[in-house]
Amino acid sequence: MNEHRPEESLKIENIVASAKVTESLDLPSLASQLKDAEYNKKRFPGVVLRMQDPKIAALVFGSGKVVLTGAKSIDSLSRGLDILADQLRALGIDIPENPEYKIQNIVTSADLGTPINLNKIAVGFNLDKIEYEPEQFPGLVYRLDDPKVVVLLFGSGKLIITGGKVPEDAQRAVKRILSELSSLGLI
């Protein structure tokens, strides 16, 4: 029999990171010089650059700060920031050689491989750490302290882990949930 291992089903869906690449940027000038740049000050206070490889959106602000979103791996996040830095340098903007970013959030999906009973879990888990209102949202929201993440559990056995700062946070969260569900006899 092929045994399902939830830790192996982990998949990064999105990484959001921020970086300070310079002291200030002239957004109208930037938008006019960068290919495919979107800038509409009335709708959003930054320039939006969509990259295709890796598939990442860079939100560039006048303060010199950048938010990168859509990365599916740490490697693609780093490559995206390098591409952006090169584009800005090509316009004569002074950007550090290896700009540093800070991960704000990693969203990961996982699959327990079996349906779960959210009502029983809601009763068995620590009540001050969960929210479960099936009339409003089909998932059970479970806030962990270690790792400090939020896990959305669905009756299908699918999980969404959000708030991680490193990929290992999701692995630790899944192991912890498996351990708790197993100790309650729920899987």
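**Figure 1. Order of helices and strands along the predicted chain.** Read along the sequence, the elements follow the pattern β-α-β-β-β-β-α-β-α-β-β-β-β-α, which comprises 4 helices and 10 strands; helices (H or I, at least four residues) and strands (E, at least two) are DSSP runs, numbered from the N terminus. The model is predicted, and local features need pLDDT of at least 70, side-chain atom pairs count only at pLDDT 80 or more, and totals for chains, interfaces and linings use all residues. Residues are numbered from 1 along each chain as its sequence is written, and side-chain values use heavy atoms, with hydrogens and water left out. The C-alpha trace spans about 60 × 35 × 25 Å along its principal axes. The radius of gyration is 20 Å, whereas a compact globule of 187 residues would have one near 16 Å; this radius is taken over C-alpha atoms, and the globule rule is 2.2 Å times the number of residues to the power 0.38.

**Figure 2. The largest nonpolar core, with Val60 as one of its residues.** A nonpolar core is a set of buried Ala, Val, Leu, Ile, Met, Phe, Trp, Tyr and Cys residues joined through side-chain atoms within 4.5 Å, where buried means under 20% relative accessible area, exposed over 50%, and partly exposed in between (1.4 Å probe, protein chains only). Among the 28 residues of this core, Leu49, Val60 and Leu84 touch the most other members. At least two residues each come from β1 (11-20), α1 (27-33), β3 (46-52), β4 (55-61), β5 (65-71), α2 (74-90) and β6 (101-111), and α2 gives the largest share, with 5 residues. Apart from neighbours within four places in sequence, Val60 is in contact (heavy atoms within 4.5 Å) with Leu25, Leu27, Leu30, Gly46, Val47, Leu49, Lys65, Val66 and Leu84. A second, separate core of 22 residues includes Ile116, Leu118, Leu144 and Ile161.

**Figure 3. Surroundings of Phe154 in the loop between β9 and β10.** The strands that flank this loop are β9 (150-153) and β10 (158-164). With neighbours within four places in sequence left aside, Phe154 is in contact with Ile116, Leu118, Phe137, Pro138, Gly139 and Ile160. Phe154 and Pro6 are 148 residues apart in sequence, and their C-alpha atoms are 14 Å apart in space.

**Figure 4. Two buried strand residues, Ile130 and Thr108.** Ile130 lies in strand β7 (residues 130-131) and has a relative accessible area of 12%. Beyond four places in sequence, the contacts of Ile130 are Ala122, Phe125, Leu140, Val141 and Tyr142; the C-alpha atoms of Ile130 and Tyr142, which are 12 residues apart along the chain, are separated by 4.5 Å. Thr108, in strand β6, has a relative accessible area of 4%, and beyond four places in sequence Thr108 is in contact with Leu10, Lys11, Ile12, Glu13, Leu159, Ile160, Ile161 and Ala170.

**Figure 5. Backbone details at Pro54, Pro147 and Asp36.** A cis peptide bond, with omega of about 5°, joins Asp53 and Pro54, and Pro54 is found in the loop between β3 and β4. The peptide bond from Asp146 to Pro147 is also cis, with omega near 0°; Pro147 is placed in the loop between β8 (140-143) and β9. Asp36, in the loop between α1 and β2 (37-38), has a positive phi of about 65° although it is not a glycine, and Asp36 is exposed, with a relative accessible area of 53%.
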